[in-house]
Structures are given as structure tokens and as C-alpha cells.
Amino acid sequence: QVLKRVSKEMKLTVLLFSGHLEPEIRIADRMAILIEGQFQAMGTPAEVRRSGHPWLREIAAAEQALGKD
């Protein structure tokens, strides 16, 4: 929440690179999923989640199984 608040207050663009899905969905206004050098999904977190890309389903299922959802 701090990162989101500060970026809005200071009108900054923040680029966050991660192998996790859920924390980014909570933080991002817009996001892109890059796999093997190709953009697989771009848009709001809701749009990206709805894209149905197999990698996104795998990551979401793994994070949920580990209790990170």
C-alpha cells in the first residue's frame, strides 16, 4: 500500500518485476506479463487475470496452494 500511495502522491511510474502474481495484482493499476520475451497479457489486473493464459493459471494455483492468495 505504501508503494501505491507514494507513487500516486508523487505522480511516479513504478516498474515492478516479479515472479509472483497476487502481490502485483493488489498493487498495480496496469500490468503486463512477459514470458520468454513476448507479452502474453496486458491491461488492468482484472483484464490480465481474465486473459486465461496457462502460466497465469499455474501461478495463481500454486500461490493459492501455498496460502499466498
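A residue is called buried when its relative accessible area is under 20%, exposed when it is over 50%, and partly exposed in between, with a 1.4 Å probe and protein chains only. By that rule, 25% of the 69 residues of this chain count as buried.

Before going on, a word on the source. This is a predicted model, in which local features need pLDDT of at least 70 and side-chain atom pairs count only at pLDDT 80 or more, while totals for chains, interfaces and linings use all residues. Residues are numbered from 1 along each chain as its sequence is written, and side-chain values use heavy atoms, with hydrogens and water left out.

Now the overall layout. The chain has four helices and two strands. These are DSSP runs, helices being H or I with at least four residues and strands E with at least two, numbered from the N terminus. In sequence order the pattern reads α-α-β-β-α-α. The C-alpha trace spans about 35 × 30 × 20 Å along its principal axes.

Next, the inside. Which residues form the largest nonpolar core? There are eight of them: I25, A28, M31, I33, I35, A41, V48 and L56. Strand β1 gives the largest share of this core, three residues. A nonpolar core here means a set of buried Ala, Val, Leu, Ile, Met, Phe, Trp, Tyr and Cys residues joined through side-chain atoms within 4.5 Å. In soluble globular proteins, nonpolar side chains tend to be buried together.

One residue of that core, L56, takes us to helix α4. This helix runs over residues 54-65 and has twelve residues. From first C-alpha to last it reaches 16 Å, close to the 16 Å expected at 1.5 Å a residue; the expected span is 1.5 Å times one less than the number of residues. Its buried residues are L56, I59 and E63. They cover an arc of only 70 degrees around the axis, so they sit on the same side of α4. That arc is taken from the directions from the helix axis to the C-beta atoms. On the face turned away from the buried side, α4 carries the exposed residues R57, E58, Q64 and A65. After α4 comes G67, with a positive phi near 80 degrees.

On to charges. Side chains of opposite charge can pair when their charged atoms come close. How many salt bridges does the structure hold? It holds three, a salt bridge being a side-chain nitrogen of Lys or Arg within 4 Å of a carboxyl oxygen of Asp or Glu.

Take K4 and D29: their closest N and O atoms are 3.7 Å apart. K4 is in helix α1, residues 2-9, and D29 is in the loop between α2 (22-27) and β1 (31-35), so this pair links distant parts of the chain, 25 residues apart. Both are partly exposed, K4 at 23% relative accessible area and D29 at 47%.

D29 also meets K8 in a salt bridge, at 3.2 Å from N to O. K8 is in helix α1, so the pair ties together parts that are 21 residues apart in sequence. K8 counts as partly exposed, at 49% relative accessibility. K4, K8 and D29 are thus linked in a network of salt bridges.

The pair E9 and R5 has an N to O distance of 3.3 Å. Being four residues apart in helix α1, these two are separated by about one helical turn. E9 is exposed at 54%, whereas R5 is partly exposed at 44%.

Now the surface. L3, M10, L12, V14 and L16 form a nonpolar patch with about 460 Å² of accessible area together. Patches take residues with over 30% relative accessible area and no salt bridge, like charges being joined within 9 Å and nonpolar side chains (Val, Leu, Ile, Met, Phe, Trp, Tyr) within 5 Å. The areas come from the Shrake-Rupley method with a 1.4 Å probe, and for residues only the protein chains shown count as cover. Within the patch, L3 is in helix α1 and L12 is in the loop between α1 and α2. L3 is partly exposed at 40%, and L12 is partly exposed at 46%.

Last, backbone angles. Most residues other than glycine have a negative phi, and most peptide bonds are trans. K11, in the loop between α1 and α2, has a positive phi near 55 degrees. K11 is exposed, at 77%. E36 has a positive phi of about 50 degrees although it is not a glycine. E36 is in the loop between β1 and β2 (38-43), and it is exposed at 80%.
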